[in-house]
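Thanks for making the time this morning. I would like to walk through one model with you, and I will take it region by region, so please have the viewer open.

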Amino acid sequence: AKQGGRNRFSFFTRGMQEAALHRARMLKDLRHAVSHNQFSLHYQPIVDLADGRIRKAEALLRWQRPCGDMVDPAQFVPLAEESGLIHEIGAWVFREATERLRIWRARYDHRFQVSINKSPLELLAATREGMDVVEQLALSGLAGEGVAIEITEGVLVDPASNINDTLLRLRDAGVQVAIDDFGTGYSSLAYLKRFDIDYLKIDKSFIRNLEADASDLVLAEAIIVMAHKLGFKVIAEGVESEAQRDILCQIGCDYAQGYLFSRPVPADDFDLLLQRESAL
Ligand code: C2E
Ligand code: CA
Ligand code: CA
Ligand code: CA
């Protein structure tokens, strides 16, 4: 019995050690990735449901290890946040995406927009330390027009976060604000009237069963009606079928994004999508 107890104990600690080791190794690799620029952005079209045309793109971060493996952001963004690397990575994402934006605006459509994900930690740091995307815009010589940032509700619901000034400065610079994953996690809607918001993105969990689940349909419809009355546009994410797209059209959704239109693709492939469309 004593023997078994010790085995259980050592098994337990070995598991913990392995998790800690794995994390430490991944963090070392992530640091290396930052200094050796192993990141790239993929872009996913955001389509106007009224005419089916691509009006915007969401920039999505990718980490390619030297061995070729792609690491999913769900795996490394949390580690980047814990370690503070998110600030450097986020600044790179912003520079890279706005550079593309400038090219695509000049080449295809001067109203084209790029949507950039911002960790709540980046907004909090910007508020605390006064360094933020407004400065990055100034440095890049770009106005904010055409840039939207995607943030989750949590940072707005938390009364201590005090990010209102940062949001106001962003909007002064022409940057738009989208609420990402809308409808997941937080029950308070009070922030919707406190902040100037441009877009609500309906989370893909509401879209997945839109054809089959009557309550998802009711919720999607209610979100759209509410958003429009408050003056926001609505983007549906995770649209994978024509049936979903048709329903979203019927209930007045403004934009849609998902595998039905395209997976997220490298910038050069996205350029081809825009090129094909501008030839129509
Ligand atoms: P998100 O902002 O909610 O991004 C949408 C995710 O849904 C993306 O996953 C996208 O590839 C995926 N997606 C798009 N269309 C469909 C569809 O039709 N069906 C399904 N099932 N999924 C679809 P991805 O690229 O793996 O990104 C995961 C998350 O990582 C993002 O969720 C975002 O929270 C975070 N992330 C990505 N890029 C950045 C970044 O530059 N900065 C920060 N802070 N976070 C990022
Ligand atoms: Ca997003
Ligand atoms: Ca989302
Ligand atoms: Ca998300």
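How many cavities of 30 Å³ or more does the structure hold? The structure, which I should say at once is a predicted model, holds one such cavity. The space in this largest cavity comes to about 40 Å³, and its lining is made up of Ile46, Lys56, Gln113, Val114, Ser115, Ala148, Ala178, Tyr199 and Ile235. If you look for the element that gives the largest share of that lining, you will find strand S4, residues 113–117, with three residues.

Please keep two of those lining residues, Tyr199 and Ile235, in view, since they take us to the strands. Tyr199 belongs to strand S7, residues 199–202, which is covered on both faces, with Tyr199 and Lys201 buried on one side and Leu200 and Ile202 buried on the other. As a general point, side chains in a regular strand alternate between the two faces of the sheet. Strand S6, residues 176–182, pairs with S7 in the parallel sense over three bridges, and there isoleucine 179 stands opposite leucine 200. S7 also pairs with strand S8, residues 233–236, again in the parallel sense but over four bridges, and in that pairing lysine 201 has isoleucine 235 of S8 as its bridge partner.

Let me turn to the metal sites, beginning with the calcium ion that is ligand 2. Its protein donors are Glu58 (OE), Asn117 (OD1), Glu150 (OE) and Asp180 (OD), which lie 2.1 to 2.3 Å from the ion, and along the chain these donors follow the spacing E-x58-N-x32-E-x29-D. The site links distant parts of the chain, with glutamate 58 in strand S2, residues 54–64, and glutamate 150 in strand S5, residues 147–152, the two being 92 residues apart. Glutamate 58 is buried, at a relative accessible area of 5%, and glutamate 150 is buried as well, at 1%.

Which residue bridges this ion and the calcium ion that is ligand 3? That is aspartate 180, and the two ions lie 3.9 Å apart. Ligand 3 is coordinated at 2.2 to 2.6 Å by Asp180 (OD), by Asp181 (OD) and by Glu237, which is listed with two OE entries, and the spacing of its donors along the chain reads D-D-x55-E. Are the two aspartates of this site buried or partly exposed? Aspartate 180 has a relative accessible area of 8% and therefore counts as buried, the cut-off being under 20%, whereas aspartate 181, at 25%, counts as partly exposed.

That leaves the nonpolar packing. The largest nonpolar core has 71 residues, and the members that touch the most others are Phe39, Leu156 and Phe270. Helix H3, residues 86–107, supplies the largest share of this core, with eight residues. There is also a second, separate core of five residues, including Ile46, Tyr199, Ile235 and Tyr255, and you will recall that Ile46, Tyr199 and Ile235 are also among the residues lining the largest cavity. Finally, for anyone who wants to inspect Phenylalanine 270 itself, and leaving aside residues up to four places away in sequence, its contacts are Tyr43, Gln44, Pro45, Ile54, Lys56, Ala57, Trp104, Phe112 and Val265; of these, Lys56 is one we have already met in the cavity lining.

Note on methods:
Residues are numbered from 1 along each chain as its sequence is written. Chains are lettered from A and ligands numbered from 1 in the order in which they are written. This is a predicted model: local features need pLDDT of at least 70, side-chain atom pairs count only at pLDDT 80 or more; totals for chains, interfaces and linings use all residues. Side-chain values use heavy atoms; hydrogens and water are left out. A nonpolar core is a set of buried Ala, Val, Leu, Ile, Met, Phe, Trp, Tyr and Cys residues joined through side-chain atoms within 4.5 Å. Buried means under 20% relative accessible area, exposed over 50%, partly exposed in between (1.4 Å probe, protein chains only). Contact means heavy atoms within 4.5 Å. Donors are N, O and S atoms within 2.8 Å of the metal (3.2 Å for Na, K and Ca); water is not among the atoms, so sites may look incomplete. Two strands pair if DSSP finds at least two bridges between them. On a 1 Å grid over the protein atoms alone, a cavity is a set of points where a 1.4 Å probe fits but cannot get out, and a pocket is an open set with protein on both sides within 12 Å along at least five of seven lines; lining residues have an atom within 4 Å of a point. Grid points are joined across faces, edges and corners, and a volume is the space filled by probe spheres set on the points.
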